[in-house]
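Please find below my remarks on the model you sent round. I have kept them to numbered points so that each can be checked against the coordinates.

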Amino acid sequence: MLQFIKGINKMKRCNMSVNFGNKLLGFGMMRLPKIVTGEKEEILYDKVCEMVDYFLENGFNYFDTAHGYHKTFSEVAVKKCLSSRHSRDKYILTNKLTAMYFEKKEDIEPLFMNQLEACGVEYFDNYLIHSVSKNNYGKYMDCEAFEVVKSLKERGFIKHIGMSFHDSAELLDKILSEHEEIEMVQIQFNYIDFDDKIVQSKACYDVCRKHNKEIIIMEPVKGGKLANLPKDARKILEDLNGGSMASYAIRFAASFEGVKMVLSGMSSLDEMKDNLSYMKDFKKINDKERKAIDRVVEILNSIDLIPCTTCEYCLEGCPQNIRIPSMISILNQKKMYETANFEHNYDLATRTNGKASECIECGHCESVCPQHIEIIDALKDVVEKIENQI
């Protein structure tokens, strides 16, 4: 590690504006192609390399990772598929400081240096204080995380400082008032969460604009949910005779003033090709499309789906090894398609993992869920409506 640090060619400190790359779409490396066998997860690096190359070849160059994505293997994928194969000036890389991976101030810099080494780079273009909420903001402050990150920037290891955020607009306003060093904010923003009272997409967007911060969008397709709409909602967008379901969600998010980057957690080359087909020469959502989207929102709100985005933060630390996102996904599918048979999907989700009925209600999952889902109650619903029916 010391040899790696000594070998770093530090940049001079500068106050240049944030560079978000060539296009509005970024490659979120949190849902990479993989094979899951029990507790073991294997990323398909050859497919990731193919996606990275295609992304760059088509003029896109913004990549986003975090230490916890794919249980640290997203950073490995960055090195294997991006940094070891492409010149550093050809891409922009964002990484994050996540609260669960440090306990005190002194832990932060060694963690950061490990992230640099894992990604195979000498600096990060952007480094974000990750998934800030009322549950962890106190820890970030107590451990002087903002000060440590500022020091890393001054020493040339970071070009720009930001924050990803999952909480109320009121808290966001408070944090941005206290931390002028934050240059960009990554917020969850999509058409179903736009007026949601919990996620507060629009309200958080308005706060970012008030503080004149650059805006990065995450979850524009809500973990794939807005690409897999129920039949009546799908028909509304299909009748536009335009693009895919995902295209309307991503273009919606990208159409707002001040949005500099929209991230998509792409899991296959086909998903990437679809996204690039309409983002290469981006066109904002028009009035007809916006009215259709409003009708889709009305339908989705009437179904009352659980707003899981499959971020998988809840998986690490679950003492019963329950595949919580899979449980919620099956429950949501049950709500949308009442007559379907979910026995096979439930069997796959529990074959080498815990069942919903094995939840001990420890609450760890709820404490880290950025969507503030009442997961314990959701698992009880899975038991009643799916597990007991099999």
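The points below take up the strands and their helix, then the nonpolar cores, then some backbone angles.

1. The model is a predicted one, and the remarks that follow should be read with that in mind. Strand β9, which spans residues 214–218, is mostly covered, with 4 of its 5 residues buried.

2. On one side of the pairing scheme, β9 runs parallel to strand β8 (residues 184–188), to which 5 bridges join it, and within this pair Met184 stands opposite Glu214 of β9. Strand β9 also pairs with strand β10 (residues 259–264), again in the parallel sense and over 3 bridges; here Ile216 has Met261 of β10 as its bridge partner.

3. The connection from β8 to β9 involves helix α8 (residues 201–210), and the three elements together form a β-α-β unit that is right-handed. Just after α8, the backbone of Asn212 adopts a positive phi of about 60°.

4. Which residues of α8 are buried? They are Ser201, Cys204, Tyr205, Val207 and Cys208; because they cover an arc of only 160° around the axis, they lie on the same side of α8. This agrees with the general rule that an α-helix has 3.6 residues a turn, so residues three or four places apart point the same way. The buried residues of α8 pack against β8, β9 and β10, and also against β7 (158–165) and α7 (169–178).

5. The largest nonpolar core contains 96 residues, and those with the most contacts inside it are Phe27, Phe63, Leu97, Tyr191 and Leu237. Helix α10 (residues 245–254) gives the most to this core, namely 8 residues. Leaving aside residues up to four places away in sequence, Leu237 touches Tyr191, Leu229, Met245, Tyr248, Ala292, Ile293 and Val296. There is also a second, separate core, made up of 24 residues, which include Met327, Cys365, Cys369 and Val382.

6. Two further residues deserve a look for their backbone angles. Lys222, in the loop between β9 and α9 (231–238), has a phi near 50°, which is positive although the residue is not a glycine. Is Lys222 buried or exposed? Its relative accessibility is 6%, so Lys222 counts as buried, the cut-off for that class being under 20%.

7. Asn321 is likewise not a glycine and has a positive phi, of about 55°; it is found in the loop between α12 (287–303) and α13 (324–336). Asn321 counts as partly exposed because its relative accessibility is 26%, and that class lies between the cut-offs of 20% and 50%.

Conventions: Residues are numbered from 1 along each chain as its sequence is written. This is a predicted model: local features need pLDDT of at least 70, side-chain atom pairs count only at pLDDT 80 or more; totals for chains, interfaces and linings use all residues. Side-chain values use heavy atoms; hydrogens and water are left out. Buried means under 20% relative accessible area, exposed over 50%, partly exposed in between (1.4 Å probe, protein chains only). Helices (H or I, at least four residues) and strands (E, at least two) are DSSP runs, numbered from the N terminus. Two strands pair if DSSP finds at least two bridges between them. A crossover is right-handed if, with the strands pointing away from the viewer, the path from the first strand over the helix to the second runs clockwise. The arc is that of the directions from the helix axis to the C-beta atoms. Contact means heavy atoms within 4.5 Å. A nonpolar core is a set of buried Ala, Val, Leu, Ile, Met, Phe, Trp, Tyr and Cys residues joined through side-chain atoms within 4.5 Å.
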